[in-house]
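This briefing looks at the surroundings of a bound ligand and then at the pairing of aromatic rings. Please keep the sequence and the structure at hand while reading.

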Amino acid sequence: MSSFEPLVFSGVQPTGNLTLGNYLGAIRKFVALQDTHDCIYCVVDLHALTVNPSPKELTDGTRSIAAAFLASGIDPVKHIVFNQSRVHQHAELAWIFNCVARMGWLNRMTQFKEKAGKDRENASVGLFAYPALMAADILAYRATHVPVGDDQKQHLELTRDIAQKFNNDYSSDIAGLGLGVPMQVGDETVQGFFPLTEPLIEGPATRIMSLRDGTKKMSKSDPSDLSRINLTDTADDIAKKIRKAKTDPEPLPGGTDGFEGRPEAENLVNIYAALAETTKDAVLGDFGGQPFSVFKPALAELAVEKLSPIADEMRRLMADPGHIDSVLASGAERASVRAEKTMVDVKRIVGLSA
Ligand code: TYM
């Protein structure tokens, strides 16, 4: 290889219902990237274990995310769709990365701090080491691009740190085995084994906020179902949640500078812009000066128009779990071949095999 082959990798956890945030921030981008890139999309069931789902929740959740991928338009034949636990190389590489990553790096992870809360002593080791497994997901394929929402930015920086430290620590071994790929580091060209993966975090939907609190991220784990739109919500649920979404008494502003201090108004306009694949300015061009009693029904109609076909297709797919399982099995078989190639080289580099 004279340089890293462009490859897209991303993952979604099978915990709870997928939200509009997951769809607009990630899955819709996964679909678009298929036209230009080789793509691998993973249901990260090992990561889900860090929040202790019941066995049934985990199995059903895994199928449901796979169904959402397919219903949204991901092609599992041209690209790869699988669940993480079926490709054991992820867990194997994660252990090696646990030995590369430093406690201090992981201690800085804001998602760990949020999820562990005050009782850190009682958090699982898995929750702490979560980002090293995420790095392994990506680097098992030496993926170059990772589409995610804004909340994953810090984890992707850590993935780069792990790749860089591995490349540095083993640089002479990598070069000696002829496994290096030329990489530009400052003015120097060095031989690295892992790419410094680029996050793809752009567009209007990198951070969709809660419908109940415009300063909080829309999340599958929010206790209030009214805070989010789930991909599987019915048209009536979607309309009700948008009708009940928190707003303020003012009409919509004429331009985006009028969003100052109005996070809920901005979030709804942002959602409209993302669903319509336009900009907030264009939405305000149509709705600026209008009250929410006019804007909310228009937003509900657009959301239903975009999401109902996906929900219908997900229901159809979920009625045949055997089919979903066979898609995942075929994806895992193809992913394993690629991940094993990386692991064979990694084992030689670190000295686990001659
Ligand atoms: P997860 O399952 O929490 O979320 C899946 C994707 O959805 C994005 N997302 C959002 N985007 C915009 N607005 C929101 N409110 C919102 N909520 C979630 C997330 O940024 C993510 O892209 N750690 C990852 C899963 C993972 C992974 C990986 C991702 C494991 N290994 C390797 C990429 C590459 C996670 O928990 O995502």
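Sorted by class, the shell around the ligand holds 12 nonpolar, 10 polar and 5 charged residues. The model is a predicted one, and the points below begin with the ligand before they turn to the aromatic rings.

**Ligand shell and pocket**

- The ligand is surrounded by 27 residues, and those that come nearest are Tyr-130, Asp-137, Gly-149, Asp-151 and Ile-208.
- The space that the ligand takes is the largest pocket, and the elements contributing two or more residues to the shell around it are strand 1 (8-12), helix 1 (20-33) and helix 7 (125-139).

**Polar contacts and cover**

- Tyr-130, which is among the residues that come nearest to the ligand, has an N or O atom of its side chain 2.7 Å from a nitrogen atom of the ligand.
- Gln-152 places a polar side-chain atom 3.0 Å from a nitrogen atom of the ligand, whereas Ile-208 has a backbone N or O atom 2.8 Å from a nitrogen atom of the ligand.
- On its own the ligand has 720 Å² of accessible area, and the protein covers 97% of this area.

**Aromatic pairs**

- The count of aromatic pairs comes to 14, and one of them is formed by Phe-82 and Tyr-141, an edge-to-face pair with 6.3 Å from centre to centre and 65° between the planes.
- This pair links distant parts of the chain, since Phe-82 lies in strand 3 (residues 80-83) and Tyr-141 in the loop between helix 7 and strand 4 (145-147), with the two residues 59 residues apart.

How values were computed:
Residues numbered from 1 in each chain as written. Predicted model: local features only at pLDDT ≥ 70, side-chain atom pairs only at ≥ 80, totals over all residues. Heavy atoms only, no water. Near = heavy atom within 4 Å. Polar contact = N/O pair within 3.5 Å; in protein donor to acceptor, adjacent residues only side chain to side chain. Areas by Shrake-Rupley, 256 points an atom, 1.4 Å probe, with all protein chains shown as cover. 1 Å grid on protein atoms, 1.4 Å probe; cavity = no way out; pocket = protein on both sides within 12 Å on 5 of 7 lines; lining within 4 Å. Sits in = over half its atoms within 2 Å of the grid points. Helix = DSSP H or I, 4+ residues; strand = E, 2+ residues; numbered from the N terminus. Nonpolar A, V, L, I, M, F, W, Y, C, P; charged D, E, K, R; others polar. Phe/Tyr/Trp six-rings, centres within 6.5 Å; stacked < 30°, edge-to-face > 60°.
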